[in-house]
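The exercises below are meant to be worked through slowly, with the sequence and the structure open beside the page. Try each task before reading its solution.

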Amino acid sequence: MAETTQRKREVFATKNELSVALAKYTAHLSAKFCKEKGIFTVVLSGCGLIDWLGKLLESPYKESVEWSKWHVFWVDERVCSHEDQNSNYKLAMDGFISKVGIPKENIYAIDKQCASDGDAERCATLYEECLRNLVKEKILPLCPNGQYPQFDLQLQGMGPDGHMASLFPERPQIKVTDKWVTHITDSPKPPPRRITLTLPVINSSLYNLMAVCDDHTDQCARSIADIFKNNNLALPAAHLTAQVEQMWYLDKAAASLL
């Protein structure tokens, strides 16, 4: 599997400018893949990402993006009710998805019952089964080595400790390669029960965009500097790559120590 290791980065003076660029980048890839293959597979994360995607709800994107061709996934999810305020699904539905024309059947959330029951392991198993069925249905291709599904674009965020998805420092999930989806029950960031795409699935994506704004009194800035200057692989986000392009969008605060 050919992988790019070069980290491209762009720094923006404000979160608003980052949001404008994020919308432009996403809309460009949506148009590219909808034209080339008739669908666009995009993976969302939580936290600030949904707010930063808000520019897609404005002109010209809201009218021009082919929302009906989007297929939406989550890079990780908190194992809780879909109505829980901690749910990445709820965050995305309330703040973004419900405001555009993505077909309900193209939205791939974790299993509702298992999530409500708090069964993280079963949620991970069922989410992987969902992905495998989509490979069979030709919605998701396999990457060239045939081991992992290949998404068009994954939109990532990084925590101040350098975690991405629900791959945390000093936790074993970062080393999982025999699964597409794994689970964690002792997340250092609450809530503790989560599922997450594994690192090889994340890195099989054609495009990975990592967006980071520093709201944590320079903690993110320190992690960003450690990744870009030292390639500190103790930080999960340092492992990020992609098959075509990995792009890092940073606000001025996150890039302040570079």
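**Exercise 1.** Is Arg132 buried, partly exposed or exposed? Decide this, and then describe the contacts of its side chain.

Solution. The structure is a predicted model, and the relative accessible area of Arg132 in it is 38%. Buried means under 20% and exposed means over 50%, so Arg132 is classed as partly exposed.

The next step is to look for a partner of opposite charge, and here the side chain of Arg132 meets that of Glu128 in a salt bridge, with 3.0 Å from N to O. Both residues belong to helix α6, which covers residues 120-136, and they are 4 residues apart, about one turn of the helix. Glu128 has a relative accessibility of 12% and therefore counts as buried.

The last step is to look for a ring, and the charged end of Arg132 sits over the ring of Trp180, 3.8 Å from the centre of that ring.

**Exercise 2.** Describe the salt bridges of Asp94 and of Glu66, and state how accessible each partner is.

Solution. Begin with Asp94, whose salt bridge partner is Lys90, with the closest N and O atoms 2.8 Å apart. Helix α4, made of residues 88-95, contains both Asp94 and Lys90, which are 4 residues apart, about one turn of the helix. Asp94 is partly exposed at a relative accessible area of 43%, whereas Lys90, at 19% relative accessibility, counts as buried.

Continue with Glu66, which is joined to Lys69 by a salt bridge of 2.9 Å from N to O. Here both partners count as partly exposed, since Glu66 has a relative accessibility of 34% and Lys69 has one of 26%.

To place these examples in context, note that the whole structure holds 10 salt bridges.

**Exercise 3.** Classify the ring pair of Trp67 and Phe96, and then the ring pair of Phe73 and Tyr108.

Solution. The structure as a whole contains 12 aromatic pairs. In the pair of Trp67 and Phe96 the ring centres are 5.7 Å apart and the planes are at 75°, so this pair is edge-to-face. It links distant parts of the chain, because Trp67 lies in the loop between α3 and β3 and Phe96 lies in the loop between α4 and α5, 29 residues apart. Both rings belong to buried residues, with a relative accessibility of 6% for Trp67 and a relative accessible area of 1% for Phe96.

For Phe73 and Tyr108, the ring centres are 4.6 Å apart and the planes are at 15°, so this pair is stacked. This pair also links distant parts of the chain, with Phe73 in strand β3 and Tyr108 in the loop between α4 and α5, 35 residues apart. Phe73 and Tyr108 are both buried.

A further step is to look beyond single pairs: Trp67 and Phe96 are members of one aromatic cluster, which also includes Phe33, Phe40, Trp70 and Tyr207. Over the face of Phe33 lies Lys32, at 5.4 Å from the ring centre.

**Exercise 4.** In which order do the strands of the open sheet follow one another, and which strands stand at the edges?

Solution. The open sheet is formed by 6 strands in the order β1-β9-β8-β5-β2-β3, with parallel pairing. At the edges stand β1 and β3, each with a single partner strand, so one side of each has no neighbour in the sheet. From one strand to the next, the twist averages 20°.

Now follow some of the pairings one by one. Strands β1 and β9 run parallel and are joined by 5 bridges, and Lys8 stands opposite Met247 in β9. Strands β8 and β9 pair in the parallel sense over 6 bridges, with Gln246 in β9 as the bridge partner of Asn208. Strands β5 and β8 also pair in the parallel sense, over 5 bridges, and Gly157 stands opposite Ala211 in β8.

**Exercise 5.** How many residues of strand β9 are buried?

Solution. Of the 7 residues of β9, which are residues 245-251, 7 are buried, so the strand is largely enclosed by the rest of the structure. In a regular strand the side chains alternate between the two faces of the sheet. Taking the faces of β9 in turn, Glu245, Met247, Tyr249 and Asp251 are buried on one side, and Gln246, Trp248 and Leu250 are buried on the other.

Conventions. Residues numbered from 1 in each chain as written. Predicted model: local features only at pLDDT ≥ 70, side-chain atom pairs only at ≥ 80, totals over all residues. Heavy atoms only, no water. Salt bridge = Lys/Arg side-chain N within 4 Å of Asp/Glu carboxyl O. Buried < 20%, exposed > 50% of the residue type's maximum accessible area, 1.4 Å probe, protein only. Helix = DSSP H or I, 4+ residues; strand = E, 2+ residues; numbered from the N terminus. Phe/Tyr/Trp six-rings, centres within 6.5 Å; stacked < 30°, edge-to-face > 60°. Lys NZ or Arg CZ within 6 Å of the ring centre and 35° of its normal. Pairing = 2+ DSSP bridges. Axes fitted to C-alpha atoms, helices over the stretch in contact; angles between N-to-C directions.
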